Amino acid sequence: MKLFIQLMFCAGLVLTMPIHVMASYESGLEAANRGEFALAQKEWEAAAKKGDMNAQYNLGALILSGKAGHSDPKKAIKWIEQAANKGHVDAAYSLGLLYYTGSKEFKQDFPKAYKAFETAAKKGHAAAQFSMGVMLVNGQGVKKDVSAGMDMLRKSGEAGNPDAQFNLGMAFASGQAGKKDPAEAFKWFLRSADGGYPLAQYQVGRMYLDGQGAELNPATAKSWFVRAADKGHIESQYALGLMAYTGLGQAMSFEEAQQWFMRAAKGWDRNAQFYLGKMYMNGEAGKADMVEAYKWLDLAASSGHEDAHFYRSFVASKLPKTEVQKAHAMAQQWFDANHSQPHKHYDLKPHAHH
């Protein structure tokens with residue numbers, strides 16, 4: 001199992017940056033809170049030029065957001081860098097994120113990103129500790145050192161960072177932390193899951209379902225899958241569908257299974273699409289509907305589901321050619337209508353619906 005370690009970023013970085021109140025630029029803060037961003041920029045710029053690191057940080061964040069005009073990453077990063085150099089912890093962390101991702105205006109720079117994360121991490125910034133740990137484990141901008149990286153992830157996890165806690169769970173589950181330790185993996189997954197992290201909630205569910213690192217308990221597994229599924233986690237939605245379909249840890253319910261499979265299928269889970277096809281074929285979703293069955297099996301097959309190819313052929317053999325063409329057109333219509341939605345691909349090859 002490959003360790004699922006990555007840095008989490010968002011395009012609206014400035015929206016996550018806390019604004020620090022200091023009397024020297026309080027008028028700028030008040031203006032920003034009123035939505036008068038041009039005035040806020042003017043006030044913060046005056047304070048920033050006098051060396052106020054909080055003004056420098058918030059000015060950079062505001063310029064980056066483009067709320068006071070157009071976004072200017074180069075100008076923004078200069079102000080954020082000045083704040084970071086003065087010891088502003090959030091500025092150092094934000095600087096690390098900016099250099100890690102790069103942009104059209106400035107190049108990605110892993111060494112600078114690592115240095116910025118390290119500055120913030122040394123002052124106890126949990127997210128920076130996580131990012132620093134990731135870069136050490138991956139050897140990005142610094143010599144690869146898995147042991148040091150794991151130590152940093154542990155610091156971040158102990159401080160309550162759910163990303164770090166999840167990745168520690170993955171490390172112990174896969175053996176990248178040394179030897180495989182399901183109990184230790186479960187401990188970290190559970191801490192992350194309790195913090196609302198859906199990937200961890202899914203892993204906790206899996207461990208309860210498998211009896212690995214935790215006592216076998218399908219009912220408890222389901223409760224964790226539900227938490228993750230309600231946050232849009234596709235694999236959890238599929239797992240809930242399969243549990244309802246097979247009657248694992250509950251009474252068998254085709255109606256419930258169909259509901260969960262449909263949610264997962266809309267997230268492009270080919271297994272859920274396959275089961276929907278089977279259910280329509282067998283009449284388990286109500287009256288048998290071979291056209292609808294072909295549509296879902298066609299979609300699953302186009303994503304590489306091997307069994308779907310055989311079932312699709314069987315369904316096609318039961319339909320007139322015109323109905324097969326209709327079903328294929330329905331699949332193509334669904335594909336085109338939903339392809340712009342976020343979804344997973346099972347390989348990185350150019351693809352289309354066939």
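1. Helix axes are taken here as lines fitted to C-alpha atoms over the stretch in contact, with angles running from 0 to 180 degrees between N-to-C directions. On that basis, in this predicted model, the axes of helix α6 (residues 110–121) and helix α7 (residues 126–138) come within 8 Å and cross at roughly 140°. Angles over 145 degrees count as roughly antiparallel, and α6 and α7 are therefore described as oblique to each other; their crossing is left-handed.

2. The contact between these two helices draws on Phe110, Ala113, Tyr114, Phe117, Glu118, Ala120 and Ala121 from α6, and on Ala128, Gln129, Ser131, Met132, Met135 and Leu136 from α7. By residue class, the contact of α6 with α7 comprises 10 nonpolar residues, two polar residues and one charged residue. Within α7, Met132 deserves separate mention: leaving out residues up to four places away in sequence, Met132 touches Tyr114, Phe117, Glu118, Ala121 and Met152.

3. The pairing of α3 (53–65) with α4 (73–85) can be read alongside the one above. The axes of α3 and α4 come within 7 Å and cross at roughly 160°, and these two helices are therefore roughly antiparallel to each other, with a crossing that is left-handed. On the α3 side the contact involves Met53, Gln56, Tyr57, Leu59, Gly60, Ala61, Ile63 and Leu64, which meet Pro73, Lys75, Ala76, Trp79, Ile80, Gln82 and Ala83 of α4. The residues of this contact divide into 11 nonpolar, three polar and one charged.

4. As to the interior, the largest nonpolar core holds 41 residues, and the members that touch the most other members are Trp44, Tyr93, Leu95, Phe117 and Met132. Each of α1 (26–33), α2 (37–49), α3, α4, α5 (89–101), α6 and α7 supplies at least two residues of this core, and the largest share, eight residues, comes from α5. A second core, separate from that one, has 33 residues, among them Tyr238, Ala257, Ala293 and Trp334. As a general background, nonpolar side chains in soluble globular proteins tend to be buried together.

5. For the chain as a whole, the model contains 18 helices and zero strands. Buried residues account for 47% of the 354 residues in the chain. Among the contacts between residues at least 6 apart in sequence, 50% join residues that are at least 24 apart.

6. Two loop residues may be worth inspecting in the structure above. Lys144 lies in the loop between α7 and α8 (146–158); since the cut-off for an exposed residue is over 50% relative accessible area, Lys144 counts as exposed at 55% relative accessibility. Setting aside its neighbours within four places in sequence, Lys144 is in contact with Leu136, Val137, Asn138 and Gly139. The C-alpha atoms of Lys144 and Val134, which are 10 residues apart along the chain, are separated by 9.9 Å.

7. The other residue is Trp268, which is found in the loop between α14 (254–266) and α15 (270–282). Although Trp268 is not a glycine, its phi is positive, at about 70°. The relative accessible area of Trp268 is 4%, and because buried means under 20% relative accessible area, Trp268 is classed as buried.

Conventions:
Residues numbered from 1 in each chain as written. Predicted model: local features only at pLDDT ≥ 70, side-chain atom pairs only at ≥ 80, totals over all residues. Heavy atoms only, no water. Helix = DSSP H or I, 4+ residues; strand = E, 2+ residues; numbered from the N terminus. Parallel < 35°, antiparallel > 145°, perpendicular 65-115°, else oblique. Left-handed = near helix turned anticlockwise from the far one by under 90°. Contact = heavy atoms within 4.5 Å. Nonpolar A, V, L, I, M, F, W, Y, C, P; charged D, E, K, R; others polar. Core = buried A, V, L, I, M, F, W, Y, C linked by side-chain atoms within 4.5 Å. Buried < 20%, exposed > 50% of the residue type's maximum accessible area, 1.4 Å probe, protein only.
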